[in-house]
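Here are some short exercises to work through with the structure open beside you. Try each task before you read its solution.

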Amino acid sequence: MFNKNIKLTLAALTFAWSIYEFTQGHIGNGIAILLLVGIFILFYFKNEFILLAFMQLRKQNFEGAKKWLSYIKNPSSALTQKQEGYYNYLHGIMLSQTNITQAEKFLKKAIKLGLAMNHDLAMAKLQLAGIAMTKRRKREATILMNEAKKLDKQGMLKEQIQMMKQQMKRI
């Protein structure tokens, strides 16, 4: 909704307001306003539209996720680097259903910007491996699949990796 710098400014201003309330003896108001500061800080680190888009993807509602992501007009200025990586990651996942060339571009940019969790990075690399496999780039797909396997410490993508290896044998 707001630029990342505006969120920090709002947090600083509400924090100053909270301190003013404490000095006036309104302890309850000061605590409530501190909770508001916490919300601004949370939304600085976790963008609200990206969170809502993830919730829509959980429900397999790609149109709803696309709608929430469309509210972010200029991702490079409105988001932090990791958030921009997740913005591109979500676009890549959604486009992998329809346009694999564009999905590849978004996923590569997401990996370049960085993703916070290893399993998200593994999923992005696995998606890229699948795209490389459909474009008959077996060597690139193998490298990406091995990287995804190294990143998947919990074994969440084990079945998908096995399926892709089976499909790779047919190429």
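The exercises below deal with a predicted model.

**Exercise 1. The nonpolar patch**

Find which residues make the nonpolar surface patch of about 610 Å², and work out which helix gives the most to it.

Solution, step by step:
- Start with the members: Phe15, Ile19, Phe22, Ile27, Ile31, Leu34 and Leu35 make up the patch.
- Now place them on helices. Both α1 (4-23) and α2 (27-45) supply at least two residues of the patch.
- The top contributor is α2, which gives four residues.

**Exercise 2. Leu34 up close**

Decide whether Leu34 is buried, partly exposed or exposed.

Solution, step by step:
- Locate Leu34 first: you'll find it in helix α2.
- Its relative accessible area is 32%.
- Buried means under 20% and exposed means over 50%, so Leu34 counts as partly exposed.

**Exercise 3. Rings in pairs**

Classify the ring pair of Trp68 and Tyr71 as stacked, tilted or edge-to-face.

Solution, step by step:
- Two things describe a pair of aromatic rings: the distance of the centres and the angle of the planes.
- With ring centres within 6.5 Å counted as a pair, the total is six aromatic pairs.
- For Trp68 and Tyr71, the centres are 5.5 Å apart and the planes are at 55°, so this pair is tilted.
- Next, look at the wider group: ring pairs join Phe49, Trp68 and Tyr71 into a cluster.
- Check the accessibility too. Trp68 is partly exposed at 21%, and Tyr71 is partly exposed at 42%.

**Exercise 4. Charges over rings**

Find which ring the charged end of Lys67 sits over, and do likewise for Lys105.

Solution, step by step:
- Lys67 has its charged end over the ring of Trp68, 4.7 Å from the ring centre.
- Lys105 has its charged end over the ring of Phe106, 5.7 Å from the ring centre.

**Exercise 5. The largest nonpolar core**

Work out how many residues the largest nonpolar core has, and which helix brings the largest share.

Solution, step by step:
- The core has 38 residues, and those with the most contacts inside it are Ile50, Leu69, Ile72, Tyr89 and Leu126.
- Several helices each supply at least two residues of this core, including α3 (48-58), α6 (81-95) and α10 (158-170).
- The largest share comes from α8, with nine residues.
- Zoom in on Tyr89, which lies in helix α6. Its relative accessible area is 4%, so Tyr89 is buried.
- Finally, compare Tyr89 with Ile39: they are 50 residues apart in sequence and 25 Å apart in space, C-alpha to C-alpha.

Terms used:
Residues numbered from 1 in each chain as written. Predicted model: local features only at pLDDT ≥ 70, side-chain atom pairs only at ≥ 80, totals over all residues. Heavy atoms only, no water. Patch = residues over 30% accessible without salt bridge, like charges linked within 9 Å, V, L, I, M, F, W, Y side chains within 5 Å. Areas by Shrake-Rupley, 256 points an atom, 1.4 Å probe, with all protein chains shown as cover. Salt bridge = Lys/Arg side-chain N within 4 Å of Asp/Glu carboxyl O. Buried < 20%, exposed > 50% of the residue type's maximum accessible area, 1.4 Å probe, protein only. Phe/Tyr/Trp six-rings, centres within 6.5 Å; stacked < 30°, edge-to-face > 60°. Lys NZ or Arg CZ within 6 Å of the ring centre and 35° of its normal. Core = buried A, V, L, I, M, F, W, Y, C linked by side-chain atoms within 4.5 Å.
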